[in-house]
2 protein chains.
Amino acid sequence: MLADQHLLRIPGPSPIPPSVQRAMNQTMIGHRGKETKDLIQRIKPRLKPIFGTEQDVLIVSGSGTAGLETAVVNTVKPGDEVLVIVTGAFGDRFVKICQAYDVAVQRYDVEWGAAFDPAYIKTYLKDHPNIKAVFATYCETSTGILNPIQELCTIVHENSNALVIVDGVSCVGGVDTEVDAWGIDVLVTGSQKAMMLPAGLTFITVSEEAWKIIEQNKQARFYLDLRKYRKSLADDSTPFTPALSLLFGLDQVLNLVEEEGLQNVYTRHELMKKMTRSAFKAMGIPLLTADDAASPTVTAIRPNDFAAEDLRKVMKQEFNLSVAGGQQHLQGKIFRIGHMGYCSPADVLQIIGIVEISLRKIGKQIELGQGIRAAQEVYLQQGVLA
Amino acid sequence: MLADQHLLRIPGPSPIPPSVQRAMNQTMIGHRGKETKDLIQRIKPRLKPIFGTEQDVLIVSGSGTAGLETAVVNTVKPGDEVLVIVTGAFGDRFVKICQAYDVAVQRYDVEWGAAFDPAYIKTYLKDHPNIKAVFATYCETSTGILNPIQELCTIVHENSNALVIVDGVSCVGGVDTEVDAWGIDVLVTGSQKAMMLPAGLTFITVSEEAWKIIEQNKQARFYLDLRKYRKSLADDSTPFTPALSLLFGLDQVLNLVEEEGLQNVYTRHELMKKMTRSAFKAMGIPLLTADDAASPTVTAIRPNDFAAEDLRKVMKQEFNLSVAGGQQHLQGKIFRIGHMGYCSPADVLQIIGIVEISLRKIGKQIELGQGIRAAQEVYLQQGVLA
């Protein structure tokens, strides 16, 4: 096998564009000097369109989970009643963080592979008027579901004073996200998915309503205290030493997004989703999720006549193609293909081409080229990509 | 289109493996210090298997053409009679270099797209006993021909005292090359093709017979004087400042080749050739070269019902996939796909997938997935790649 070729198609971390890699390699600078101030000044306004907000996007050095914990400790305190919508492993993580802080968590468990039902929330909120916050996952990485966040916001705000707190880690940057227009109170994402960076940064937006709660919240916190980040960012700075090389990279990521055009980035992700799904449908291999609830960034496949792990093993051994397996009770039952960030329709063709060969290698009698053809047809129907 | 994705599939320069890129980025060192000596000592023995020689492989900083000129100025002088076998643009280059030095050049012109006929050389040498050297091209990049160098060596050595001087620029490293066993007197290659490096180094092997000529040759030369390189290399050094970052990269290239195994590298190239050719045959699109004369590193396609340039344009615009056009009289008539060095069967699937879509975009009614399927079938017939 060709040495040093790594086809990284797990649902994050995702591959780093070469120009971003180069940007991250630049000479280290002092974190309190003018160069860092200039860098933050350059980044600040250009992050906003990705989140669909006029607010400053706060940047905390840490992984996505640090971002989720930031959302929790700033908005709620022990004893507060919250609802966590659990559509997979990452909804579950919100529950665990809340429990660690003695927050009174109610779970709304949805079968893994389905999106939540906003109508359920409406009823729930009427029956539970003291709910302080509703936690939801935008893209549930463990299942490839894209949840209806816009509808959730409408229903929560019409029926309660609860905040809507959203984990957008595995899709923001690749999927249209309108924090202000939809009314997301706190949105968290990470750097290592559609944002095309290594893990190590988490991005957080906060609504005016959420700030009122955050300012008053008695929950103890220090490093993750969003008030510190807002105050520093107003001065183009950070409260603690930032992960500077990732900021160098982020500056270049923003160049790439602007070069392609943000709407084109979203169109590309939508196209990659459709190509991938059409390919598996053509091959007669079941998808875990329904079309109308599928994420543009990750596709979960639930085979019924071969072992997902056998396929993953062959693809890794022969092509160094990594896709993810299933988590928790879906372990061994599904595999998940990441098509986010630095990934193109041409890469989807390559992935499907490898899947087809590897299926034959594990003994499944599919017709070669059939999945590829379906993906190609989707591409051609789409017209010219900008 | 995804910004910063460049699918570079011209027949060289070829893509650089990430670990080689990183190696080249290491801190600059002095070219006369111990570290450089150690580096050359590490490289020297490990280059030999790639060339199939026990002789030291000389390294000149310069492009492939500098290597071709090195071969000329060291072995012949004004007035010497030489035969240049011209199977394409790079055979032609040998002619031009010889002419620039007033060498008495005879051409043996072969139709572009065919390999030369060793039997012709036998007759020719009998009729021209004063020929001092026969120049040939191993892989003719302009047509994708792999010429029969082993047979050439046998015939030349059995029928004359002429040296066999070979341009191996676009294949050595990807194709079995046995300098000692076949009796190649001077073999030249460049760094930017199957050697997985940027352009800037040229590698030259010299037989004992050739050294006898070179030592005595009155032709004026300085930078390209191979005697200087042999003398320095014996002491793990170079006569002039070497292109050090490329040597850093070469050290890592050798690691990658050893990790994969040299025979596996050759098998991979052979497989990529067969996959590519099968795909175009399945699509009913003519290849320029016959199967038994085709190079494992580059494939030339000669379409008869669409414009090569239209296809190249769409592939570049929509996928940033670069393949080469034709040279000289084949300009606009063929296109050439490089599958050498840092290129895998998975990459061939991607290229063919893009070719199929792009053919439809320019109005050719091919059946989607057909070329891919043929390539996949070749892969599956090949069994497991090591």
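**Close-up views of a predicted model**

**View 1. Two helices of chain A pack against each other.** In this predicted model, helix H11 (residues 262-282) of chain A packs against helix H13 (residues 345-361) of chain A at an angle of about 20°, and their axes lie 9 Å apart. Because angles under 35 degrees count as roughly parallel, H11(A) and H13(A) are described as roughly parallel to each other. The crossing of H11(A) and H13(A) is right-handed. From H11(A) the contact is made by A:Arg268, A:Leu271, A:Met272, A:Met275, A:Thr276, A:Ala279 and A:Phe280, while H13(A) contributes A:Pro345, A:Val348, A:Leu349, A:Ile352 and A:Val355. Sorted by the character of their side chains, the residues of this contact divide into ten nonpolar, one polar and one charged.

**View 2. Strand E14 of chain A pairs with E11(A) and E13(A).** Strand E11 (residues 298-301) of chain A runs antiparallel to E14(A) and is joined to it by four bridges, with A:Ile301 standing opposite A:Phe335 in E14(A). Strand E13 (residues 324-325) of chain A also runs antiparallel to E14(A), here through two bridges, and A:Ala324 has A:Arg336 in E14(A) as its bridge partner. In a regular strand the side chains alternate between the two faces of the sheet. In strand E14 (residues 335-338) of chain A, A:Phe335 and A:Ile337 point one way, whereas A:Arg336 and A:Gly338 point the other way, and all of these residues are buried.

**View 3. A sheet of three strands in chain B.** This open sheet has the order E11-E14-E13 (chain B), and its pairing is antiparallel. Strand E11 (298-301) and strand E13 (324-325) of chain B are the edge strands, each of which pairs on one side only. Between E11(B) and strand E14 (residues 335-338) of chain B there are four bridges in the antiparallel sense, and B:Thr299 stands opposite B:Ile337 in E14(B).

**View 4. A sheet of seven strands in chain B, with helices packed on it.** The strands of this open sheet follow the order E2-E10-E9-E8-E5-E3-E4 (chain B), and the pairing is mixed. Its edge strands are strand E2 (58-61) and strand E4 (104-109) of chain B, and the twist from one strand to the next averages 20°. Strand E5 (residues 133-137) of chain B runs parallel to strand E8 (residues 163-167) of chain B and is joined to it by five bridges, with B:Phe135 opposite B:Ile165 in E8(B). Helix H2 (residues 34-51) of chain B packs on the sheet, where it touches E2, strand E9 (186-190) and strand E10 (201-206) of chain B, and its direction makes about 70° with that of E10(B). Helix H3 (residues 64-75) of chain B likewise packs on the sheet, touching E5, E8, E9 and E10 of chain B, and its direction makes about 160° with that of E9(B).

Technical notes. Residues numbered from 1 in each chain as written. Chains lettered and ligands numbered in written order. Predicted model: local features only at pLDDT ≥ 70, side-chain atom pairs only at ≥ 80, totals over all residues. Heavy atoms only, no water. Pairing = 2+ DSSP bridges. Buried < 20%, exposed > 50% of the residue type's maximum accessible area, 1.4 Å probe, protein only. Axes fitted to C-alpha atoms, helices over the stretch in contact; angles between N-to-C directions. Parallel < 35°, antiparallel > 145°, perpendicular 65-115°, else oblique. Left-handed = near helix turned anticlockwise from the far one by under 90°. Contact = heavy atoms within 4.5 Å. Nonpolar A, V, L, I, M, F, W, Y, C, P; charged D, E, K, R; others polar.
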